[in-house]
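Me: Hey, could you walk me through this one? I'd like to go over what sits around the DNA and how the chains meet.

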2 protein chains.
Amino acid sequence: MSTLKQVAEKAGVSVSVASRSLNGHAKTYRISDATVSRVKEAADKLDFRPSQTARSLRLKKTGLVGVVVPDLSNPFFASISQSIALSAEAEGYSVIVADSREETEHEIRLLQQLEDRQVEALVVCPVGTQSTHLQQINEGGTPVVLADRTFPECDLVQVTSEHRAGAVKATRLLTAKGHRVIGVLQGLPGTLPNDQRLSGHAEALKESGVVLDQSLIRGNNFTEASGFDSAKKLLTDRPDITALFAFSTPNAMGALRAANESGRHVPQDLSIVGFDDSPYADLMNVPLTTVCQDVDKIGQIAADLALRAVGSSKGRKRKTRHDVKTRVIVRNSISSVRDS
Amino acid sequence: MSTLKQVAEKAGVSVSVASRSLNGHAKTYRISDATVSRVKEAADKLDFRPSQTARSLRLKKTGLVGVVVPDLSNPFFASISQSIALSAEAEGYSVIVADSREETEHEIRLLQQLEDRQVEALVVCPVGTQSTHLQQINEGGTPVVLADRTFPECDLVQVTSEHRAGAVKATRLLTAKGHRVIGVLQGLPGTLPNDQRLSGHAEALKESGVVLDQSLIRGNNFTEASGFDSAKKLLTDRPDITALFAFSTPNAMGALRAANESGRHVPQDLSIVGFDDSPYADLMNVPLTTVCQDVDKIGQIAADLALRAVGSSKGRKRKTRHDVKTRVIVRNSISSVRDS
DNA sequence: TTGTGGAGCACAATCGTTTGTGCATCGCCT
DNA sequence: AGGCGATGCACAAACGATTGTGCTCCACAA
């Protein structure tokens, strides 16, 4: 790798002139055209490419954005990361992707590392229900954008789906088919997506004159394990259940397995609606009816907000929330309640 | 963010002493215990964390590794990236993940960017069949490790699956059930995974006394589109086909769709075997029998090789190839040939 | 008393950029 | 001829760390 100094020597000028020539500051600093072309030629010959590390140090601009997701192998987060990466790359940024393994502790460690690397912005799909560490970083001057899993009481810029509206649509789909006893496989309580989906669900139930039965709400995480366990118990505790509303794809997959194990056929014996779409869901054993989030858009907006926030006054952004529309994909996992 | 200088001032010492105190070089440079603790205290109070950018510049060590994959939304690559990220993080490295969008041009741009950022190593799942740009980077001093898609004639360190052996197992599965006319939905010709799978397929056929019919081999990419189109044509061109061997999960999914559209039931009318596993494949409409690659292991080994190569003499590594074992997951997508 | 050696630190160079400022030289006007 | 404004560049200071070397003081021995 050749340095600016070498270029300058080869062109017979000083480093400063070389720098300015290559950066288009020639006019401003009265450098003759002849010199500029000599420098450019030298740079070409030496295949000069400026050290990003050095410029980062000098300019206090690393061109890095950090992305922290709970589980990169989950297609939902992989897609968000991809979308962020593509948006960021388009603006000359690179993204450091970090996997928090669904552990808050690890998330905190990763965030520290990223801060030390002086990423210019962070997009985080947080684990857990605490946001103080995130807010601290934001106050510290590194803009933090929350994606997907957001928090109700939190002054950070957030982008997420219209969970309430999505849940309303999903539940209506079920009530319209006569379902009255609907089990809910929820994700992590306390997170905004979860709580808003619950609220949407309750609202749609009320519309149909059904009172929400708290004992039908189970689960404590967005994982498949939580979905499976909760569904299993729910199906034995409440044999009168005719439908399940799963708050994530892993939850729904867990539910499917549980249904299989308990000998229920979907959708004949049990209807299932999911949240989030996943690749090839239409080719599933039970093509899953689901509330589809627009992951690409979430990623794009998140990246956009993050980069927009770079350089604005110390994370002073007002609390902004972006809610991306959801749409329901109806497949063959729900049916009408059988007259019994 | 506080700097070393501020720490030094607060502790009443020079920057050099501060640096050495914090880095454990106290004994070597005869710094008194009293001073060391004064410095540490000051560092604590100021919440000092060294600028990685500055140390990178000085030490010529960025602690970054670059990962380039063709499509992050593909669970296969997402999992590899995850595995690399986790391994790298464990050793204090951060990974920059870049998505080449299956375009060689873009891959080259990304690699340049990563080189400019002075990543210490690169793990690349390359697009296309050219490797010269990769070799150049490797000669340039940044170790390059190829993962998954490797090249036969190429002096780079490579880690991939035992494609040949995997393909042999898969094809035997079919021939054992009496299949003689087997369509192949291949990926990108010229890539080692593809060509070795072909070779394994041919070998297994020969064992059963079947001569390979080139016209049964279709497809030009690992994408779903390629799988779908090829399967579609194959099924009309050669109605005598009883089985399909797809060289990737997307290929297999394309095949499934094509089968659906042509009214063939899997596995009754058509058997399908895939390559690569994908999440929830067991819950698919047609639970896919597949040759499963150990993505985690691939990622781990790749990360390991990459980090191991850091600092060794200028990419002078001998050509090493690591082949990770595959295993076949038998699900319900193949059946015996019906007597006709 | 002078010399020697070690203990404890500070100075300054360095990594590769960017950028504010100073110093010539030249032409032109008065 | 002397002054003045361009013009074209070089010098040097940053950015924030690490590290080789030099300086000062003190104790102790000769």
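Me: Which helix supplies the largest share of the surface near DNA strand C?
Reply: That's α4(A), with five residues. Keep in mind that this is a predicted model.

Me: And which other elements supply at least two residues there, by strand C?
Reply: Besides α4 of chain A, you have α1 (4–11) and α2 of chain A, plus α2 and α4 of chain B.

Me: Which residues come nearest to strand C?
Reply: Of the 27 residues around DNA strand C, A:L4, A:S16, B:S14, B:S16 and B:S32 come nearest.

Me: How does that surface divide by class?
Reply: Twelve of its residues are nonpolar, nine are polar and six are charged.

Me: OK, over to strand D. Which helix gives the most there?
Reply: For DNA strand D, α4(B) gives the most, again with five residues.

Me: Which residues come nearest to strand D?
Reply: A:S14, A:S16, B:T3, B:L4 and B:S16, out of 27 residues around DNA strand D. By class, the surface near strand D has twelve nonpolar, nine polar and six charged residues.

Me: Switching topic: how many residues of chain B are in contact with chain A?
Reply: There are 34, and they touch 34 residues of chain A.

Me: What gives the most on the chain B side?
Reply: α5(B) does, with eight residues. Among the other elements of chain B that each supply at least two residues to that side are β2 (94–99) and α11 (249–261).

Me: And the classes on that side?
Reply: The side of chain B touching chain A has 16 nonpolar, 13 polar and five charged residues.

Note on methods
Residues numbered from 1 in each chain as written. Chains lettered and ligands numbered in written order. Predicted model: local features only at pLDDT ≥ 70, side-chain atom pairs only at ≥ 80, totals over all residues. Near = placed C-beta within 6 Å. Helix = DSSP H or I, 4+ residues; strand = E, 2+ residues; numbered from the N terminus. Nonpolar A, V, L, I, M, F, W, Y, C, P; charged D, E, K, R; others polar. Contact = placed C-beta atoms within 7 Å.
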